[in-house]
Amino acid sequence: MTASGPSSSSKGKGRAESDGNETFTEEERLAKEARQRSFERSLAGPSVGKAGLVRDQTEINRVIAEASKGSKFYTNQVRKDEVLTKKIAWFQAKRDSLMKDAQLDRLQAEADRILMEVEATRDMSQSIVHVDMDAFYASVETKRDPSLKGKAFGVGGGVLTTASYEARTYGVRSGMAEFVARKLCPHLIVVSNNFDLYIDASKSVREVLMQVRPGQTTLLRSQYDENLMMASLDEGYLK
């Protein structure tokens, strides 16, 4: 993108620019760039907050976008983004219409009243612990094949179900297409899923969490829960 006027440091808010095909103001340019960043974030998927992803997420998003261009996935995401953009515009217009004559002080007071009622009736007598086994599939695979320890590898095929922390430093993560992961980490090792192993490992952990041994003190018993609720192979809830 090139400017038709002075450098960006001296451009005014309303100055026209051009990308070679169209002319737009500085405000329009910034809005266009913001939409592009938002679109690239949508391509990245929901797992961008995974632990160990130390690489700049904006750069990861750019690589994913470039690697995905021309694919059915990319085309579908463009369509979904256009639909979402229209929905957002509709909701914003609806919001502005409703807020135009709204009595904000009265609404704020009502919201505060409702929050106080909720807080007054909330039951805080129970403690619930969420247990999540870290990089579970990758950990099981490392136990199966110790040579994987310290290496950048992913588990899955086509789409990764998880990635080692060494791979995550390159931006590789669960839910990522394998071809995109290899763009981010060319030396990535990919091992196939071994769900029988994961199920066995999950059972072993579950048995530990459900232990209630005779003669335990109340303090020790609180570390286990015979009514453990598993949410998946690698996570559960203790009360």
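**A small tour of one sheet and one loop**

A hairpin links β7 to β8 through 2 residues. Keep in mind as you look around that this is a predicted model. The hairpin is a good way into an open sheet of 3 strands, ordered β3-β8-β7. After the sheet, we will visit a loop residue, Ala 135, whose phi is positive.

**The sheet**

- The pairing in this sheet is antiparallel.
- Which strands lie at the edges? They are β3 and β7, each of which pairs on one side only.
- Neighbouring strands of the sheet are turned against each other by 25 degrees on average, with direction ignored.
- As background, strands of a sheet pair through backbone hydrogen bonds, and they can do this in a parallel or an antiparallel way.

**How β8 meets its partners**

- Strand β7 covers residues 229–232 and β8 covers residues 235–238; the two run antiparallel and are joined by 3 bridges.
- To find this pairing in the structure, look for Met 229, which stands opposite Tyr 237 in β8.
- Strand β3 pairs with β8 over 4 bridges, again in the antiparallel sense.
- Here you can look for Val 129, whose bridge partner in β8 is Leu 238.

**A loop residue to look at**

- Where is Ala 135? You will find Ala 135 in the loop between β3 (129–132) and α5 (136–144).
- Most residues other than glycine have a negative phi.
- Ala 135 has a phi near 40 degrees, a positive value in a residue that is not glycine.
- Is Ala 135 buried or exposed? Its relative accessible area is 12%, and the cut-off for buried is under 20%, so Ala 135 counts as buried.

Key:
Residues numbered from 1 in each chain as written. Predicted model: local features only at pLDDT ≥ 70, side-chain atom pairs only at ≥ 80, totals over all residues. Heavy atoms only, no water. Pairing = 2+ DSSP bridges. Buried < 20%, exposed > 50% of the residue type's maximum accessible area, 1.4 Å probe, protein only. Axes fitted to C-alpha atoms, helices over the stretch in contact; angles between N-to-C directions.
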